[in-house]
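Student: I would like a close look at helix packing, please. Which helices come together, and what lies around them?

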Number of protein chains: 2
Amino acid sequence: MNFITFQETTLRNFTQAVFKKIGCNDEHAALATDVLIRSDLRGIDSHGVARLSGYVRLWEKQRINATPDIRIVHQTPTTATIDGDAGLGLVVAPFAMQVAISKAEKYGSGWVSVKNSNHFGIAGYHALLAVEKEMIGISMTNASPLVAPTYANERLLGTNPMCYAFPAGKYPPLVVDMATAAAANGKLEIAQRANKSIPEGWVQDANGNQATNPNELKQGGSLLPLGSDKDHGSHKGYGLGATVDILSAVLSGANYGPWVPPFVSFLEPPNDPVGDGIGHFLGAMRVDGFRPVQDFKDHLDNWISRFKSAKTVDPKHQVIIPGEPEYTFEQERKKAGIPIIDVVVNDLNELASKLGIAALSIP
Amino acid sequence: MNFITFQETTLRNFTQAVFKKIGCNDEHAALATDVLIRSDLRGIDSHGVARLSGYVRLWEKQRINATPDIRIVHQTPTTATIDGDAGLGLVVAPFAMQVAISKAEKYGSGWVSVKNSNHFGIAGYHALLAVEKEMIGISMTNASPLVAPTYANERLLGTNPMCYAFPAGKYPPLVVDMATAAAANGKLEIAQRANKSIPEGWVQDANGNQATNPNELKQGGSLLPLGSDKDHGSHKGYGLGATVDILSAVLSGANYGPWVPPFVSFLEPPNDPVGDGIGHFLGAMRVDGFRPVQDFKDHLDNWISRFKSAKTVDPKHQVIIPGEPEYTFEQERKKAGIPIIDVVVNDLNELASKLGIAALSIP
């Protein structure tokens with residue numbers, strides 16, 4: 001595996017050109033690009049430009065609408081349901097979060113459930129939009145079914161991530177951004193490529209037995225919920241995945257459970273949909289709706305200091321503050337550039353050739 | 001172990017007499033009783049009348065105020081911070097949820113962070129108050145430190161439960177009510193009493209090694225977050241526990257992390273508090289703030305039907321809908337009575353004798 005390091009701007013210009021070429025207006029192209037590049041900057045390589053050709057394939061299949069009319073279809077002062085009009089989740093979710101933020105500005109909090117959307121990138125991006133406004137940001141999305149609930153031998157839930165982001169003072173924002181499965185699909189793909197076995201507790205095979213071969217997922221197996229098995233609390237991971245599914249889709253009118261359309265274009269969506277597209281849930285709460293912002297930040301800083309200096313099992317591993325590794329990546333990669341694996345670079349350049357735009361210039 | 005079965009009313013009258021005897025007014029005594037009895041009805045025996053003498057011991061130490069002046073100290077139309085005045089969490093949390101509900105009635109949603117409180121019983125009780133009003137209920141609380149974050153060899157978080165409750169149509173409410181540790185302390189106590197070993201992944205010993213002896217927790221060990229180890233996502237359980245701690249305490253001005261005062265009266269609270277008492281976080285969102293209630297219920301019923309009928313690994317274990325076992329217990333125990341283990345009956349009658357009230361009449 002070889003990596004080629006690109007400056008952020010090079011990747012931005014390329015990605016924006018792709019989104020414009022499929023018909024996104026300038027604003028939407030810039031926004032969708034920002035979500036993907038920020039993922040790469042933050043070290044979450046699985047959700048950045050590596051997915052770009054996947055979005056384009058969904059657009060080719062007319063499952064993504066490049067010129068959506070995103071609109072509020074139901075609301076109260078602090079709640080809303082948004083119809084994403086089959087747009088890119090990368091555009092629909094930030095729109096929805098802005099609605100949540102403006103409701104919070106007026107009334108203290110804002111909550112938006114979204115239907116008829118698509119994959120929204122990293123949950124953290126959207127939650128951090130609220131943090132910039134001195135708010136607590138919450139974001140969730142459902143996703144195509146890969147996870148078997150406790151006792152099930154069937155994929156009924158996506159890896160359904162949830163994110164909570166909090167503004168700190170002298171420290172970077174504290175960002176809990178997690179799939180509700182024991183291990184997200186990206187980790188399996190890495191093991192599949194490297195032909196390595198995986199720990200028990202990530203996957204069950206087609207018969208519902210624990211599997212250590214990462215390919216079992218492609219052969220009728222399922223991912224397992226956070227907790228891995230009943231003894232270790234997999235019913236809790238299942239409950240969290242269910243919560244995300246209900247807030248994102250049962251509440252908005254999107255598809256849920258096994259009806260969520262797949263992200264990959266070669267799999268067709270179920271032919272008996274129970275709603276529109278996939279769903280998200282976004283929320284914002286003003287910190288100063290509860291206490292003065294500086295008081296909150298001082299105490300969150302104190303919380304972070306205390307946890308960072310905790311006694312550890314092994315001196316090589318300090319306690320990690322949620323969101324800190326991503327923040328460190330972001331500072332480094334903004335300066336040193338973003339390493340992209342060669343298979344992704346090739347994929348992007350095939351995409352460029354297909355769309356008739358300039359290839360990525362190799363530095 | 002022997003169980004004695006009491007009618008609900010017998011336990012209610014007894015519990016109410018205890019709370020009145022320590023100085024609670026009639027309303028508070030009835031409310032605190034309702035929280036405990038509902039826990040026993042729902043089969044969560046660890047959080048019901050088994051805890052009654054624990055609350056009284058904290059009152060004896062003047063760490064619980066039986067006549068609190070519970071008040072809103074900061075608010076916007078949809079957010080509030082409440083000072084529980086060191087009252088019973090069993091009374092403070094329902095008060096806070098009523099504030100959240102009345103804000104939601106006006107503006108669509110309501111969110112309340114609580115400081116200066118005590119143990120609030122089962123999280124599900126409070127969330128279900130919102131469900132009765134056709135709202136989604138959310139409740140969380142921090143708790144005294146027992147859990148070591150990933151890589152830590154120190155207890156920094158409580159088992160910090162979170163609960164999400166949703167109104168269904170023909171089915172009972174869907175209630176996700178879970179500790180963010182791999183196994184809650186109650187499960188360990190059962191293993192300790194039975195002198196049985198526990199699975200790896202629940203506890204680490206004083207050196208940070210995986211332990212299967214449940215007594216290691218009392219000998220300097222720690223509970224582990226949901227996920228159990230880094231490979232299986234313990235950083236996610238740690239992140240969830242952190243989220244509960246921040247929303248409940250950093251946001252309200254309660255104690256957080258290792259500063260949370262212990263529930264047991266024989267351990268003194270830290271002498272360098274960073275806030276007041278323990279903290280909770282409660283929220284309510286009107287379902288019809290997003291879509292008509294009947295549409296939501298119809299789809300949630302469909303979700304539940306689909307999951308209940310899922311293909312299973314083992315025909316003996318159907319997929320369980322979160323909250324369904326507790327609902328079944330509640331229907332059964334309302335009719336057949338509540339079985340209480342003899343050690344708890346003895347404990348309650350010692351309490352009666354100490355307080356000078358009538359003993360529980362053994363049926």
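Tutor: Happy to help, and the axis comes first: an axis here is a line fitted to C-alpha atoms, for a helix over the stretch in contact, and angles between N-to-C directions run from 0 to 180 degrees. The model is predicted, so local features need pLDDT of at least 70 and side-chain atom pairs count only at pLDDT 80 or more, while totals for chains, interfaces and linings use all residues. Residues are numbered from 1 along each chain as its sequence is written, with chains lettered from A and ligands numbered from 1 in the order in which they are written.

Start in chain B, where helix α3 (residues 52-60) and helix α10 (residues 342-355) bring their axes within 9 Å and cross at roughly 35°. Helices here are DSSP runs of H or I with at least four residues, strands are runs of E with at least two, and both are numbered from the N terminus. From α3(B), the residues that take part are Leu52(B), Ser53(B) and Val56(B), and they meet Asp347(B), Leu348(B) and Leu351(B) of α10(B). Contact requires C-beta atoms, placed from the backbone, within 7 Å. By class, the residues where α3(B) meets α10(B) are 4 nonpolar, 1 polar and 1 charged. In that scheme Ala, Val, Leu, Ile, Met, Phe, Trp, Tyr, Cys and Pro are nonpolar, Asp, Glu, Lys and Arg are charged, and the others, Gly among them, are polar.

Now turn to chain A, where the axes of α3 (residues 52-60) and α10 (residues 342-355) come within 9 Å and cross at roughly 35°. Leu52(A), Ser53(A) and Val56(A) of α3(A) make this contact with Asp347(A), Leu348(A) and Leu351(A) of α10(A). The contact of α3(A) with α10(A) counts 4 nonpolar, 1 polar and 1 charged residues.

Chain A offers another helix pair to look at: α1 (residues 8-21) packs on α2 (residues 26-41) at an angle of about 140°, with 9 Å between the axes. That angle makes α1(A) oblique to α2(A); under 35 degrees would be roughly parallel, over 145 roughly antiparallel and 65 to 115 roughly perpendicular, with the rest oblique. Among the residues of α1(A) that meet α2(A) are Leu11(A), Thr15(A) and Phe19(A), and the α2(A) side includes Ala29(A), Thr33(A), Leu36(A) and Ile37(A). The contact of α1(A) with α2(A) has 8 nonpolar, 4 polar and 4 charged residues.

Helices also pack on strands here. In chain B, helix α7 (residues 234-250) lies across β4, β5 (135-141), β6 (162-166) and β11 (278-286), and runs at about 90° to β11(B). Those strands belong to an open sheet of 7 strands in chain B, ordered β2-β3-β4-β11-β5-β6-β7, with mixed pairing; strands pair if DSSP finds at least two bridges between them. At the edges stand β2 (71-75) and β7 (174-178) of chain B, each with a single partner strand, so one side of each has no neighbour in the sheet. From one strand to the next, the twist averages 15°. Within this chain, β3 (residues 79-83) and β4 (residues 109-117) of chain B pair in the parallel sense over 5 bridges, and Ala80(B) stands opposite Val112(B) in β4(B).

Helix α7(B) appears again where the chains meet. The contact takes 69 residues from chain B and 69 residues from chain A. On the side of chain B that touches chain A, β3, β4, β6, β7, α7, β11 and α8 (293-308) of chain B each supply at least two residues. The most come from α7(B), with 8 residues. That side of chain B has 34 nonpolar, 28 polar and 7 charged residues.

Definitions and conventions:
Two residues are in contact if their C-beta atoms, placed from the backbone, lie within 7 Å.
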